[in-house]
Amino acid sequence: MRRGTTVSLYELAWILPSIAISIGMLVALVVFAFGAGVHLPTDEGRVEPTAVLTTPPFDQPGTVEVGRGEYEVRMIGGIWLFTPNEIRVPAGSTVTFVATSRDVVHGLFIPRANVNVMLIPGQIARVRARFDRPGEYPFFCHEYCGIAHHTMWGKVIVEPRP
Ligand code: CUA
């Protein structure tokens, strides 16, 4: 083999995987964005952090049935608990979390569902998730919020359909 050919083969051995990796990442991005619905949460509105407890819908935190198999959870993050911290829905439900913080930055992370948002004082976060399988879906605060950050958690209990 001539020397020039060897060099270009080595170059190809680097260039081709570089192109393949870029294309692979692009495909993964498209699949997760449009297939799995992974996207950045958008700004859904504002709420005065000091008046969260008296501002609808946060003045009545909890789970509300808004349609057939559709639930809305109005949730407040505060040091160091979620209100509500136990949510019950039947299997096959779609749940929209409407959440905010009443003090510092918190997070709402449900590892077994497609939920991962920051709860920022003054901002309302809205995120939807489907719960098909019965069981417990723990959720956590995943933004460090002080000494008892690790105790800030709760669970979605998905009950089997009768
Ligand atoms: Cu709330 Cu960490």
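**Close-up views of a predicted model**

**View 1. Salt bridges in the predicted model, with Arg-74 and Glu-72 in focus.** Searching the whole structure gives 7 salt bridges, a term that stands for a side-chain nitrogen of Lys or Arg within 4 Å of a carboxyl oxygen of Asp or Glu. This is a predicted model, in which local features need pLDDT of at least 70 and side-chain atom pairs count only at pLDDT 80 or more, while totals for chains, interfaces and linings use all residues. Residues are numbered from 1 along each chain as its sequence is written, and side-chain values use heavy atoms, with hydrogens and water left out. One of the bridges joins the side chains of Arg-74 and Glu-72 at 2.8 Å, N to O, and both residues are buried (buried means under 20% relative accessible area, exposed over 50%, and partly exposed in between, with a 1.4 Å probe and protein chains only). Arg-126 belongs with Glu-72 and Arg-74 to a network linked by salt bridges. Elsewhere, Arg-130 and Asp-132 meet through their side chains in a salt bridge of 2.9 Å, N to O, and Asp-132, at 45% relative accessibility, counts as partly exposed.

**View 2. Strand β4 beside strand β10, with the salt bridge between Arg-88 and Glu-159.** The side chains of Arg-88 and Glu-159 come together in a salt bridge, 2.9 Å from N to O. This pair links distant parts of the chain, since Arg-88 is in strand β4 (residues 86–90) and Glu-159 is in strand β10 (residues 153–159), 71 residues apart; helices (H or I, at least four residues) and strands (E, at least two) are DSSP runs, numbered from the N terminus. Arg-88 has a relative accessible area of 44% and is partly exposed, and Glu-159, at 31% relative accessibility, also counts as partly exposed. The two strands run parallel and are joined by 5 bridges, where pairing requires that DSSP finds at least two bridges between two strands. Within β4, Ile-87 and Val-89 make up a covered face, whereas Glu-86, Arg-88 and Pro-90 make up an uncovered one. In a regular strand the side chains alternate between the two faces of the sheet. Across from Ile-87 stands Val-156 of β10.

**View 3. Aromatic rings that pair with one another.** The whole structure holds 3 aromatic pairs, where rings of Phe, Tyr and Trp (its six-membered ring) pair if their centres lie within 6.5 Å, and where planes under 30 degrees apart count as stacked, over 60 as edge-to-face and the rest as tilted. Phe-82 and Phe-139 have ring centres 5.1 Å apart and planes at 80°, so their pair is edge-to-face. Because Phe-82 lies in strand β3 (residues 81–83) and Phe-139 in strand β9 (residues 135–140), the pair ties together parts that are 57 residues apart in sequence. Phe-82 counts as buried at 2% relative accessibility, and Phe-139 counts as buried at 0%. Another edge-to-face pair is formed by Phe-97 and Phe-131, with 6.4 Å from centre to centre and 70° between the planes. Here too distant parts of the chain are linked, with Phe-97 in strand β5 (residues 93–101) and Phe-131 in strand β8 (residues 125–131), 34 residues apart. Both Phe-97 and Phe-131 are buried, and ring pairs link them with Tyr-137 into a cluster. The charged end of Arg-112 sits over the ring of Tyr-137, 4.3 Å from its centre (the criterion being NZ of Lys or CZ of Arg within 6 Å of the ring centre and within 35 degrees of the ring normal).

**View 4. The loop between α1 and β1, and two cis peptide bonds.** His-39 lies in the loop between α1 and β1 and, at 61% relative accessibility, counts as exposed. The C-alpha atoms of His-39 and Asn-114 are separated by 9.8 Å, although these residues are 75 residues apart along the chain. Val-38 lies in the loop between α1 (3–35) and β1 (62–67), and its relative accessibility of 42% makes it count as partly exposed. Pro-57, which is found in the loop between α1 and β1, is joined to Pro-56 by a cis peptide bond with omega about 0°. A cis peptide bond also joins Ile-79 and Trp-80, with omega about -5°, and Trp-80 has its place in the loop between β2 (70–78) and β3.
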